[in-house]
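The following exercises concern one protein model. Please work through each task with the sequence and the structure at hand before reading its solution.

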Amino acid sequence: MSKEVNLIDNDLLTDNSSINRKRHSKTSNIQEPEHKRSNYLDFSPRFASLKMEDKHGENPNGLLNPNINEIAGHSALNDGIKYSNKPTNGIYKQPLHSTSLNGPTKKIVIRKFQQRNDPNVLNFDANWSILEDSVVKIQKRESAHVTCVELYNIVENLCQMNYAQEIFSRLQILIHNFSDNECARLVEKSQNSSFETFLEMLNRLWDNFCQQLSLIRSVFLYLDRTYRMQQSTSGVSIWDTGHEAFRQRVIEHSGNCSRAVNGILQLIERDRRGIQVDRHLLKSLLRMFMNLQIYDRSFEREFLKATEHFYREESSLQIQELNISNYLQFAQKRLIEEEERIQLYLEYSTSKKLIGIVEKCFIADYLDSIISKGPYQLISEQRLDDLALLYQLLSRVKDGQIALKNAFSEHIKKVGRAMVMDAERDKTLVQELMDLKAKLDQIIIKCFCSNEKFLNALKDSFDFFINSRPNKIAELTAKFMDLKLRTGNKECTEEELDSVMDKVIVIFRFVQGKDVFEAFYKKDLAKRLLLGRSASVDAEKAMLSKLRTECGAGLTQKLEGMFKDMELSKDFCATFKQYLEASDKEKRFSKLEVNVAILTMGNWPTYPLQEVNIPPQLAELQQICAKFYTSKHNGRKLRWQYSLASGVLKANFKPKVTKELEVSLFQSMVLLMFNEKLKWNFKEISENTKIEDIELKRTLQSLACGKFRVLIKQPKGKDINSDDNFVLNEEFNDRLYRIRISQVQMRETEQEHQQTEEQIFQDRLYQIDAAVVRIMKTRQRLSHTQLITETLSQLRFSVKATDLKKRIESLIERDYLSRDKEDASLYNYVA
């Protein structure tokens, strides 16, 4: 019978038929019995380019096959299978896809080999003697007379004859004996040696043992790779057997393990103290522990305990001796050093535990101490590098960021509240707040990695301390913008002014009393527009645009109406001038430059009416203007606001000094009186002009006690009294031709300030009433608590619950609301 073999295995074939098999005759049609034929296919291990030649053609051991030319070649397959019509080596071959007409296609048939005769079984002891001698010489680092290939083939043939288990057992005994001898020698030589010498001896022993074990494994590779892995039940390799022997009989014997661990720990401690050590020795020994699988239980536990003890003592000493900056740098240095040790000689599995110990000893255990003296000092001194380092270190430990965020927030509240509550800093407060916000923003960006939690803490802190002084920051912010938008402000360019506006909007965003800002900003804007003191209309409109974006159109609607009134007023003045030029009766006024501002009362601030005696020429021009306006707009009523009027007077002084004076209407009324006589007293001026005493004193003070003293006060002094006399200063002179004295109009009086606050309070009452009525009209029925809550959520300013309750009582009295008859805590809307 023939047996069909599919050549699907990648292992190579070796032709041994020249010795172990009889050739078949061409004409023989009788096949031998299957049990008499030898196995023809012999599977060899895959050793690329490894060749063995027997130069003398001898087989001294009875097991080495002199006809094997290649252990890992492929010529045996090529020689054994040839497409020929003749049978060769018992293989009948025919091309697989023949197109011959002589018959059907034939398949390749490979017959089984004959059973190999084993005449050398009795020579096992001789062959093992050769192997044993070679192993011993390898262990003693001596040269052997047998080549590695010859030894390999001895092992291979013994394994094929089922001696694998015996070979492995005897080899194991050799390794154990060698390990015992080396352990005894190590203990003897290192008995009185230092720990460094012991570690070096142990490291050399380990290196030699690994080299020897590698050579032994190469000899017994067939046993290790083929037999032990495929047929053995245990599956333990020679390499693992050697490591186990070294671990049990060298490392874990005679106290060598604890001695090695203690020595390694001493070297690492020296390394931490800055003493130079052999790091290659440490790396080799720790790799030995890892390969022997005792790194975790024998070294790592003791290493982590020693590390915690070392750093706990060191951190307790450093936190007392060093300042916060140096301590943070020292902790960072230790962390970097330990990360370098992991790269140099420690195992990566130790990394997380080791770094965790360092973080705990230097940061977590002293978190309160670091927070108590860290952020406040570093923020105040603007030490950004140290702050960034503090953030990085605290981010490593649990709750570190939260503690730093809370300290950051408390510091801002403390500093900000001190700034806001200091009334002496009111003039520069807004600029200081802008600078503080810019610095803190830079700290969050550069030091805290733009952490959202720190940004929210910054917002909450600013919101807290800015509103700790109710309404004041809103007022100061409006006045600050008034200074920036006036003419004569040469501190910044248009780009810088736009940047200032953005910063002011940031501060304005935290202000709760935005209606206070609106009231003061509207009052100052009115003066800038009416007195021609606005630096740039584009800048004014840009500020309005930013306010509209921030708060909506409700805040800027009236402010935008003021600009519209000014544009309509320009058109009216141009038409009125044309009227004067065309009229023969009023043509004498056409040479005057007349600008009249027609203001819508709802858009502009409320000003008190003052009845004064204006000069006859101005009174006549006023009547002509009013008559012309009513002819264009029938049904409208004009109310003249003299306190905001201004003009230019041409004054002649001695000797031949002529100046143009920009003055308010009240100042011009006083100066025109000196055309009649050169000396007037306070009472006479008051009777002739009908100006209120408070306003008259401000006017006379600006003319007699200011920078440009057109009048001379008698007696001299800064304050104006009712018995003072005033004389025209005929010697007045200045390098400027046109002199502005009307700055007194831009200053806010105490009366104006009080009036603005009263107006704000009254407007707030209206807003509260409107909000309550609006809510009740929608809900129809609400409890007291619900009504208070919803009303507070709709208001743009903060209000006390007691004040809100008073407004509800007022609405009940005016029959907008009513209490429920059954439940007094409920309110009903009255339609």
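A disulfide is counted here when a pair of cysteine sulfur atoms lies within 2.5 Å. The model is predicted.

**Exercise 1. Cysteines**

Task: State how many disulfides the rule gives, and classify Cys 148 and Cys 551 by accessibility.

Solution. Step 1: Applied to this model, the cut-off of 2.5 Å yields a count of zero disulfides. Step 2: The class "partly exposed" lies between under 20% (buried) and over 50% (exposed) relative accessible area. Step 3: Cys 148 has a relative accessibility of 40% and therefore counts as partly exposed. Step 4: Cys 551, at 26%, is therefore partly exposed as well.

**Exercise 2. Helix H21**

Task: Compare the span of helix H21 with its expected value, and determine which helices its buried residues pack against.

Solution. Step 1: H21 covers residues 494-510, which makes 17 residues. Step 2: At 1.5 Å a residue, 24 Å is expected; the distance from the first C-alpha to the last is 25 Å, close to that value. Step 3: The buried residues of H21 include Leu 497, Val 500, Met 501 and Val 504, together with Ile 505, Ile 507, Phe 508 and Phe 510. Step 4: The packing partners of these buried residues are H18 (429-446), H19 (452-466), H20 (472-485), H22 (514-530), H23 (537-551) and H24 (553-582).

**Exercise 3. Strand S4 and its partners**

Task: Is strand S4 mostly covered or mostly uncovered, and in which sense, parallel or antiparallel, does S4 run with S3 and with S8?

Solution. Step 1: S4 spans residues 657-664, and seven of its eight residues are buried, so that the strand is mostly covered. Step 2: S3 (residues 646-653) is antiparallel to S4 and joined to it by eight bridges; in this pairing Val 648 stands opposite Glu 662. Step 3: Three residues separate the strands of this hairpin, and Lys 656 adopts a positive phi near 55°. Step 4: S8 (residues 738-740) runs parallel to S4, with three bridges between them, and Arg 738 of S8 stands opposite Glu 660.

**Exercise 4. Strand S7**

Task: Identify the residues that pair with Val 727 of S7 from S5 and from S6.

Solution. Step 1: S5 (residues 679-681) and S7 (residues 725-728) are antiparallel and share three bridges. Step 2: Lys 679 has Val 727 as its bridge partner. Step 3: S6 (residues 711-714) also pairs with S7 in the antiparallel sense, over four bridges. Step 4: In that pairing, Ile 712 stands opposite Val 727.

Conventions:
Residues are numbered from 1 along each chain as its sequence is written. This is a predicted model: local features need pLDDT of at least 70, side-chain atom pairs count only at pLDDT 80 or more; totals for chains, interfaces and linings use all residues. Side-chain values use heavy atoms; hydrogens and water are left out. Helices (H or I, at least four residues) and strands (E, at least two) are DSSP runs, numbered from the N terminus. The expected span of a helix is 1.5 Å times one less than its number of residues. Buried means under 20% relative accessible area, exposed over 50%, partly exposed in between (1.4 Å probe, protein chains only). Contact means heavy atoms within 4.5 Å. Two strands pair if DSSP finds at least two bridges between them.
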